[in-house]
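The following note is offered to a colleague who has the structure at hand. Its points are numbered and may be checked one by one against the model.

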Amino acid sequence: MIKNLNTLKLMVAIAVLFATVSCGSDKPKKIRIGFAMDTYTEERWKKDAEFFKQKIEALGGEVEVQACNGNEQVQNQQIENFITKQVDLILIVPHNSKTCATAVKQANEANIPIIAYDRMIKDCDISMYISFDNEKVGEMQATYATQVAPKGNYLLAGGSATDENAILYRKGQMNILQPFVDKGEIKILIDQFCKDWLPVEALKLTQNALTLSNNTIAAIVVANDGLAGGCIQALTEQQLQGKVPVTGQDAEISAIQRILDGTQSMTVYKPVKILAETAAEVAMGLVKKASTIAETKKMNNGVKDVPSILLTPVMVTKENIEATVIKDGYIDKSKLKFQ
Ligand code: BGC
């Protein structure tokens, strides 16, 4: 009996010891997020990745970032790889808004939540879409163009047709342009998308439009600053730079310089720090099943009304560079040349 009691005491002591030891080493598992990006070609994407990573780490999680450099097959493999690694959530900037659904369906089977970041993913089940109001971006571009060039031949240089944003920019632009077209005041000479957002595609498109119109283009409504660079190059070949209004988007440093120089008319600034940090908060909230940020809208992706957060873009012209991108620290003033 005594012997048994001693044995019991010993067993209890060992159990307590084990419990204490395992308690001490039982650190909570870090939340792991996979970030599947498209490209780093445009200046903004490095900022998106960096701000997202910093915020996730500040919230106690960790991130692995993979970019597919414009290859949708590679992107799907990278997403499958995140699934194999059993990450807690995957954030995706799809290269192709449609084919990405294949990888998302695999993530659904593995119960890994998906957030579509900046670009919508079509025809599949995603938890959240976080972006800017992209239709509004297009409206800002066309509004500016029609204010300075209310009549004449227009060229529309769109983004990649595989990017849902490019479609939304065009929709927003047409909301503004259609009444002018209907009245016969604006004639859309060329309306095309530029493969993979390549500036060289915009260069070729502008060269064609200039030839077709005998150099009488009233305005070029361009989806982003990268493409605007290509358009302005074609205008420069005909000594038309600064004479034809050109729109843009992203507030890239080279575009802000062109606005100061007078060769680009405007850009649309999207504060990506807020976007990335919002995405980080939502991601951690979704994993912990205690989201603190609620959706503000629903956006249909073909099969689902996806809970969405759409932030507000800001129009930038020569007049408000200082009050917007410089004030926000998005662009370092010392990198710009003022005349
Ligand atoms: C983004 C733009 C970017 C473009 C090309 C779009 O989906 O919203 O900010 O310029 O892709 O990367």
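1. In this predicted model, helix α5, spanning residues 134–148, lies across strands β6, β7 and β8. Its direction runs at about 170 degrees to that of β8. Helix α6 (residues 164–182) also packs on the sheet and touches β6, β7 and β8; the angle between its direction and that of β7 is about 170 degrees.

2. The sheet that carries these helices is open and has three strands in the order β7-β6-β8, with parallel pairing. Strands β7 (186–193) and β8 (219–222) stand at the edges; each has a single partner strand, so one side of each is left without a neighbour in the sheet. From one strand to the next, the twist averages 20 degrees.

3. Within that sheet, strand β6 (residues 152–158) runs parallel to β8 and is joined to it by four bridges. A residue pair that may be located here is Leu 155, which stands opposite Ile 220 of β8.

4. A further open sheet comprises seven strands, ordered β2-β1-β3-β4-β5-β11-β10, and its pairing is mixed. Its edge strands, β2 (62–67) and β10 (297–300), each pair on one side only. The twist in this sheet averages 25 degrees from one strand to the next.

5. Strands β3 (residues 89–92) and β4 (residues 114–117) of the seven-stranded sheet pair in the parallel sense, over three bridges. Ile 92 is placed opposite Ala 116 of β4. Helix α10 (residues 272–287) packs on this sheet, where it touches β1 (32–37), β3, β4, β5 (128–132) and β11 (305–311). The direction of α10 makes about 175 degrees with that of β4.

6. Which residues line the largest pocket? The lining consists of Asp 38, Thr 39, Thr 41, Glu 42, Asn 69, Gly 70, His 95, Asp 196, Trp 197, Leu 198 and Pro 199. By class, these residues divide into three nonpolar, five polar and three charged. The volume of this pocket is about 180 Å³.

7. Is Glu 109 buried or exposed? Glu 109 lies in helix α4 (residues 101–109). Its relative accessibility is 69%, and because residues over 50% are classed as exposed, Glu 109 counts as exposed. The C-alpha atom of Glu 109 is separated by 38 Å from that of Val 268, which is 159 residues away along the chain.

Key:
Residues numbered from 1 in each chain as written. Predicted model: local features only at pLDDT ≥ 70, side-chain atom pairs only at ≥ 80, totals over all residues. Heavy atoms only, no water. Helix = DSSP H or I, 4+ residues; strand = E, 2+ residues; numbered from the N terminus. Buried < 20%, exposed > 50% of the residue type's maximum accessible area, 1.4 Å probe, protein only. Pairing = 2+ DSSP bridges. Axes fitted to C-alpha atoms, helices over the stretch in contact; angles between N-to-C directions. Contact = heavy atoms within 4.5 Å. 1 Å grid on protein atoms, 1.4 Å probe; cavity = no way out; pocket = protein on both sides within 12 Å on 5 of 7 lines; lining within 4 Å. Points joined across faces, edges and corners; volume = space filled by probe spheres on them. Nonpolar A, V, L, I, M, F, W, Y, C, P; charged D, E, K, R; others polar.
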